[in-house]
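Let's take a friendly walk through a protein model. Please keep the structure open beside you as you read.

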Amino acid sequence: MQSALVYGRIIVRALTGSVAYDASASLEYREQRRRSLRLITASCGFSKDSEAAAAANIASQVFKRYTFGDDACFVAKYKEKDVLGVADGVGGWRDYGVDPSQFPSQLMKACERIVKSGRFVSDSPTSLLSGSYEELMNNKTPLIGSSTACIIVFDNARHTLYSANLGDSGFLVVRGGRVVHRSEEQQHYFNTPFQLSIAPPDLNSVLSDRPESASSASFPVKEGDMILMATDGLFDNMPEGMILKELAKIKDTTLASSIQEAVNSIAERARDLAYDPNYMSPFAQNARANGMDFLGGKPDDITVLLSSVICEEEDTDT
């Protein structure tokens, strides 16, 4: 009888507001916590030296993955983490007989290896970049070269995007047709971005920044968001407004084929504009702002990764 009375008093207190309501026990809360987001990602790019080849055989250029001229990229997943990266090699190394595509390519491959092994901190992509850079430096034969780099880690469960950007590659988060978050560009001065470098011991004039100098941020992501990551070959030739118009053409953001079509269209449009001598490109505008008489697009390697944030229900039996 006493236990029944105690139970009755608890019910009365709950009804009168004396007992705090536990939101975590509600069905609505549990359903919300079950919702996990993930990325659908597609890639596309062009080498700046492949204009004639692309004109003759566009398909073989559009669908080449992970290496575009001196650019490189990677897409990897570990448990509930989607990780993407792009890197842009410094072409000036050709003057020293060095292939500038090797450094960014190996940097991105090192990032991918670390991600797939799980040896990274999801909310610190800067540490991932640092670990990959150190791996290259500790090679028995250090890999000579320089590169910008941008890495994002999307935590599916926390619905949070973590980023590290060193240089003038970068990314946009688009929601409802507008840019709600963007990376911070890093330049020492016009057309001289922050960059990671490994130089021969006898070459002291090479510009080199530390991975820890990367601009880092976190941002809450929602279902339906689009994340566009690219090297400067895109951003120097296509303003944000033009990119948004291309993204607005996507009919179904949950279909991988739709995302691939969109990223192909964006990369191809950027390549065409890069070779337009009468186009007032973003690069031309920045050049004029820095006192240079420049008109036209900027021929460059172009790498674009496009991701759609979709909902993936977790297994309710777990």
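To talk about a loop between two strands, we first need to know what a strand is: strands here are DSSP runs of type E with at least two residues, numbered from the N terminus. With that in hand, look for Gly176, which sits in the loop between β7 (170-175) and β8 (178-182). Keep in mind throughout that this is a predicted model.

**The whole chain**

The chain has 318 residues, and 47% of them count as buried. Its secondary structure adds up to ten helices and 14 strands. How much of the contact in the chain, among pairs with a separation of 6 or more, comes from residues 24 or more positions apart? Such residues account for 71% of those contacts.

**Back to Gly176**

Is Gly176 buried or exposed? Its relative accessible area is 84%, and the cut-off for exposed is over 50%, so Gly176 counts as exposed. Gly176 also gives an example of two residues separated along the chain: Asp225 is 49 residues away in sequence, while the C-alpha atoms of Gly176 and Asp225 are 7.6 Å apart in space.

**Ser130 and its partners**

Now move to helix α6, which covers residues 125-137 and includes Ser130. The relative accessibility of Ser130 is 14%; buried means under 20%, so Ser130 counts as buried. Which residues does Ser130 contact, once neighbours within four places in sequence are set aside? They are Pro211 and Glu212. With Glu212 there is a polar contact from side chain to side chain, at 3.3 Å. Ala214 belongs in this picture too: Ser130 and Ala214 are 84 residues apart in sequence, and their C-alpha atoms lie 9.9 Å apart.

**Two helices that pack**

Two packed helices are described by the angle between their axes and the distance between the axes. For helix α8 (residues 240-247) and helix α9 (residues 256-274), the angle is about 145° and the axes are 10 Å apart. The crossing of α8 past α9 is right-handed. On the α8 side, Met242, Glu246 and Leu247 make the contact, and on the α9 side Ser265, Ile266, Arg269 and Leu273 do. Sorted by class, this contact has four nonpolar, one polar and two charged residues.

Glu246 deserves a second look. This residue of helix α8 has a relative accessible area of 8%, under the 20% cut-off, so Glu246 is buried. If residues up to four places away in sequence are not counted, Glu246 touches Met238, Ser265, Ile266 and Arg269.

**A cluster of rings**

How many aromatic pairs does the structure hold? There are four. A pair of aromatic rings is described by the distance of the centres and the angle of the planes. Here are two of the pairs in this model:

| Pair | Centre to centre | Angle between planes | Type |
|---|---|---|---|
| Phe190 and Phe283 | 5.4 Å | 35° | tilted |
| Phe283 and Phe294 | 5.3 Å | 80° | edge-to-face |

The pair of Phe190 and Phe283 links distant parts of the chain, 93 residues apart: Phe190 is in the loop between β9 (187-189) and β10 (192-193), and Phe283 is in helix α10 (residues 282-289). The pair of Phe283 and Phe294 also links distant parts, eleven residues apart, with Phe294 in the loop between α10 and β14 (302-313). Ring pairs join Phe190, Phe283 and Phe294 into a cluster.

Within this cluster, Phe283 has 9% relative accessibility and counts as buried because that value is under 20%. Phe294, at 28%, falls between the cut-offs of 20% and 50%, so Phe294 counts as partly exposed.

**Two positive phi values**

Most residues other than glycine have a negative phi. Which sign does phi have in His159? Phi of His159 is positive, near 60°. His159 lies in the loop between β5 (145-155) and β6 (160-166) and is partly exposed, at 23% relative accessibility.

Asn191 likewise has a positive phi, near 60°, in a residue other than glycine. Asn191 is found in the loop between β9 and β10, and its 39% relative accessibility makes Asn191 partly exposed.

Definitions and conventions: Residues are numbered from 1 along each chain as its sequence is written. This is a predicted model: local features need pLDDT of at least 70, side-chain atom pairs count only at pLDDT 80 or more; totals for chains, interfaces and linings use all residues. Side-chain values use heavy atoms; hydrogens and water are left out. Helices (H or I, at least four residues) and strands (E, at least two) are DSSP runs, numbered from the N terminus. Buried means under 20% relative accessible area, exposed over 50%, partly exposed in between (1.4 Å probe, protein chains only). Contact means heavy atoms within 4.5 Å. A polar contact is a pair of N or O atoms within 3.5 Å; within protein, one must be able to donate a hydrogen and the other to accept it, and residues adjacent in sequence count only if both atoms are side-chain atoms. Axes are lines fitted to C-alpha atoms, for helices over the stretch in contact, and angles run from 0 to 180 degrees between N-to-C directions. A crossing is left-handed if the near helix is turned anticlockwise from the far one by less than a right angle, and right-handed if clockwise. Ala, Val, Leu, Ile, Met, Phe, Trp, Tyr, Cys and Pro count as nonpolar, Asp, Glu, Lys and Arg as charged, and the others, Gly among them, as polar. Rings of Phe, Tyr and Trp (its six-membered ring) pair if their centres lie within 6.5 Å; planes under 30 degrees apart count as stacked, over 60 as edge-to-face and the rest as tilted.
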